[in-house]
Amino acid sequence: MMKTDYEVTYILRPQLEEAEVEERSGAIADLLRRGGGEITWLEKLGKKRLAYEIADLREGIYVVMRFRSDGAAAHELERQLRLNEDVVRALMVKLDRQALAAAAAAPPAPPPPAPSSPTPV
C-alpha cells in the first residue's frame with residue numbers, strides 16, 4: 001500500500017495545562033500510529049493569538065505534525081480531530097515529495113543580520 005506524506009496543524013484550547021497538551025498531542029500521535037502511520041516530525045509551537053476569534057477564543061495552542069500514512073489512516077485522523085472537544089481547528093495537507101526533497105537538499109538560510117544600535121542624533 002502506498003503511503004503519502006501529510007502535515008496537520010491543529011489548535012488546542014488555550015486553557016490546557018502543559019501536561020494536558022503533552023497528553024493530547026501524544027494521544028493524537030498514537031491514534032495515527034495505531035492506524036499504520038509513521039510520524040516524521042512533531043512540534044508544539046505553544047500558545048499564540050488567533051487571526052480571528054473561534055468559538056469565543058482569542059488564543060490557541062498550536063501543534064504541527066508531519067507524518068506518512070495511507071489515505072484511510074489520514075482520513076480517520078482528520079475525523080477524530082473534528083470529534084475531539086479540545087481541538088478548536090485542524091488543517092491537514094498532502095505534502096509534495098519533490099518539494100520536500102528540494103527543501104531537504106537546500107542549504108540552510110543564513111541568519112538575519114544583527115540589529116544595529118540606534119545612532120544618536
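How many salt bridges does a search of the whole structure find? The count comes to 10, and a few of them get a closer look below. Keep in mind that this is a predicted model. In outline, the protein has three helices and four strands, laid out along the sequence as β-α-β-β-α-β-α. With a radius of gyration of 18 Å, well over the 14 Å that the globule rule gives for 121 residues, the protein is more spread out than a compact globule.

**Overall shape and surface**

- Along the principal axes, the C-alpha atoms take up a box of roughly 65 × 40 × 25 Å.
- Buried residues make up 31% of the 121 in the protein.
- The protein exposes about 8,400 Å², and 55% of that area is supplied by carbon and sulfur atoms.
- If you look at contacts with a separation of 6 or more, 72% of them are between residues 24 or more positions apart.
- On the charge side, there are 17 positive and 19 negative charges, and their mean positions sit 3 Å apart.

**The loop between strands 2 and 3**

- Strand 2 covers 38-54, while strand 3 covers residues 57-69.
- Ala-55 lies in the loop between the two strands, and so does Asp-56.
- Which way does the backbone of Ala-55 go, positive or negative in phi? Ala-55 has a positive phi of about 50°, although it is not a glycine.
- Asp-56 also isn't a glycine, and its phi is positive too, near 65°.
- Ala-55 is exposed because its relative accessible area is 67%, over the 50% cut-off.
- Asp-56 comes out as exposed as well, at 68% relative accessibility.

**Ser-69, in strand 3**

- Is Ser-69, a residue of strand 3, buried or exposed? Ser-69 counts as buried, since its relative accessibility is 0%.
- Leaving aside neighbours within four places in sequence, the contacts of Ser-69 include Met-2, Lys-3, Thr-4 and Tyr-6.
- Ser-69 is also in contact with Leu-32, Gly-37 and Ala-74 under that rule.
- Leu-32 falls in the stretch of helix 1, which spans residues 18-34, and Ala-74 falls in that of helix 2, which spans residues 71-83.

**Salt bridges**

- Some background first: side chains of opposite charge can pair when their charged atoms come close.
- Glu-38 and Arg-68 meet through their side chains at 3.9 Å, N to O. Glu-38 lies in strand 2 and Arg-68 in strand 3, so this pair ties together parts that are 30 residues apart in sequence.
- For solvent cover, Glu-38 is partly exposed at 40% relative accessibility, and Arg-68 is partly exposed at 26%.
- Salt bridges with shared partners also link Arg-13, Glu-23, Arg-24 and Asp-86 into one network.
- Within that network, the side chains of Arg-24 and Glu-23 form a salt bridge at 3.6 Å, N to O.
- Those two partners differ in exposure: Arg-24 counts as buried at 18% relative accessibility, whereas Glu-23 counts as exposed at 53%.
- Where do Arg-33 and Asp-30 sit relative to each other? Both are in helix 1, three residues apart, which means they are separated by about one helical turn.
- The side chains of Arg-33 and Asp-30 meet in a salt bridge at 2.9 Å, N to O.
- Arg-33 is partly exposed at 46% relative accessibility, and Asp-30 is partly exposed at 37%.

**His-75, in helix 2**

- His-75 lies in helix 2, and its relative accessibility of 49% makes it partly exposed.
- That value for His-75 stays under the exposed class, which needs over 50%.
- How far apart are the C-alpha atoms of His-75 and Glu-59? They are separated by 27 Å, with the two residues 16 apart along the chain.

Notes:
Residues are numbered from 1 along each chain as its sequence is written. This is a predicted model: local features need pLDDT of at least 70, side-chain atom pairs count only at pLDDT 80 or more; totals for chains, interfaces and linings use all residues. Side-chain values use heavy atoms; hydrogens and water are left out. The radius of gyration is taken over C-alpha atoms; the globule rule is 2.2 Å times the number of residues to the power 0.38. Buried means under 20% relative accessible area, exposed over 50%, partly exposed in between (1.4 Å probe, protein chains only). Contact means heavy atoms within 4.5 Å. Accessible areas come from the Shrake-Rupley method with a 1.4 Å probe; for residues, only the protein chains shown count as cover. Lys and Arg count as positive and Asp and Glu as negative; His and the chain ends are not counted. The place of a charge is taken as NZ of Lys, CZ of Arg, CG of Asp or CD of Glu. A salt bridge is a side-chain nitrogen of Lys or Arg within 4 Å of a carboxyl oxygen of Asp or Glu.
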